[in-house]
Amino acid sequence: MAESNSHQPPAASPSPPPPAPIPQSPGPRASRLNQVFEQALARTLRANSYANFAGCFPTPARHVPASLEGVWRQLNAKLEANAKAEFDDIIAERDAVAHLNELDRLVGDARARKEQEGENAEGQERTVAHTLGAEDLYKAHLTPYLQEAQSTLNARLEATHAENAELAQTVQAQRLEIERLLSHLGLVVSDIEGAATAATQFSRQHHIRQDAIQMDEEAKARPGL
């Protein structure tokens, strides 16, 4: 019996696929960086116009304007060339194009994942009310009202606690005031008792004196005494 010549498919590699190579040609952000540099350089060169340049050298501008204009053109060309050369050196030294292209790739991947997550979320099945049991429906309808009632009760409870604390302070202050008044009243009672005792003693002494005066008058009234 002939052996089968069919081959098994190669097993998938467990390692992740290598990342895509980063393109060296300027991407959107690198192109925008070049555009910004070109615009800034153009504004700088326009600011160094021949009128501004000639205003700094009035004598040559009046006597040899052609020569002065040639110098101005050479100066601007030199300035433009040096600026572009330095910009290119910085881009190459920092590997800016590759980094900006990598940033473009990361942003693109993030946007793609976000869109995919949004599509997955929209594609998920929503729970239909008629598929729920009686208890789940009861909880679903009652939970918002219970949460609102709990929030209201918590607010009222906090207000009651604050009022109770204020009342406790008021009662404590009233107790201290009552103790102070009782202490003062005790002193007043002591003063009254002392005055009553002194008045009683004075009344008793006055009565004995009146009896002695009366007895003396009766004795004088008797004849022969």
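## Briefing: confidence, core and aromatic pairs

Confidence in the protein chain peaks in helix H4, with a mean of 92, and is lowest in helix H6 (residues 134-221), with a mean of 78. Please keep in mind that this is a predicted model. Helix H4 is a good thread to follow here: H4 supplies at least two residues of the largest nonpolar core, and Leu 75 sits in H4 too.

**Confidence**

- Across the protein chain the pLDDT averages 78, and 72% of the residues reach at least 70.
- Residues 1-17 have a pLDDT below 50, and this stretch makes zero contacts in the model beyond near neighbours in sequence.
- Where pLDDT is low, the predicted coordinates should not be read in detail.

**The largest nonpolar core**

- Eight residues make up the largest nonpolar core: Ala 30, Phe 37, Leu 41, Leu 45, Phe 87, Ile 91, Ala 96 and Val 97.
- Three helices each supply at least two residues of this core, namely H1 (28-47), H4 (65-94) and H5 (96-123).
- H1 provides the largest share of the core, with four residues.
- As general background, nonpolar side chains in soluble globular proteins tend to be buried together.

**Aromatic pairs**

- The model has three aromatic pairs, and two of them are described here, beginning with Phe 37 and Phe 87.
- The rings of Phe 37 and Phe 87 are stacked, at 4.0 Å centre to centre and with 5 degrees between the planes.
- Because Phe 37 belongs to helix H1 and Phe 87 to helix H4, this pair ties together parts that are 50 residues apart in sequence.
- Phe 37 and Phe 87 are both buried, and both are also members of the largest nonpolar core.
- Tyr 50 and Trp 72 form an edge-to-face pair, with 5.7 Å from centre to centre and 70 degrees between the planes.
- Tyr 50 lies in helix H2 (residues 50-56) and Trp 72 in helix H4, so this pair links parts that are 22 residues apart in sequence.
- Trp 72 is buried, with a relative accessible area of 14%, whereas Tyr 50 counts as partly exposed at 23% relative accessibility.

**Leu 75 in helix H4**

- Leu 75, a residue of helix H4, counts as partly exposed, with a relative accessibility of 42%.
- Setting aside neighbours within four places in sequence, Leu 75 is in contact with Asn 48 and Phe 53.
- Leu 75 and Asn 48 are 27 residues apart along the chain, and their C-alpha atoms are separated by 9.7 Å.

Definitions and conventions:
Residues numbered from 1 in each chain as written. Predicted model: local features only at pLDDT ≥ 70, side-chain atom pairs only at ≥ 80, totals over all residues. Heavy atoms only, no water. Core = buried A, V, L, I, M, F, W, Y, C linked by side-chain atoms within 4.5 Å. Buried < 20%, exposed > 50% of the residue type's maximum accessible area, 1.4 Å probe, protein only. pLDDT = per-residue confidence, 0-100. Contact = heavy atoms within 4.5 Å. Phe/Tyr/Trp six-rings, centres within 6.5 Å; stacked < 30°, edge-to-face > 60°.
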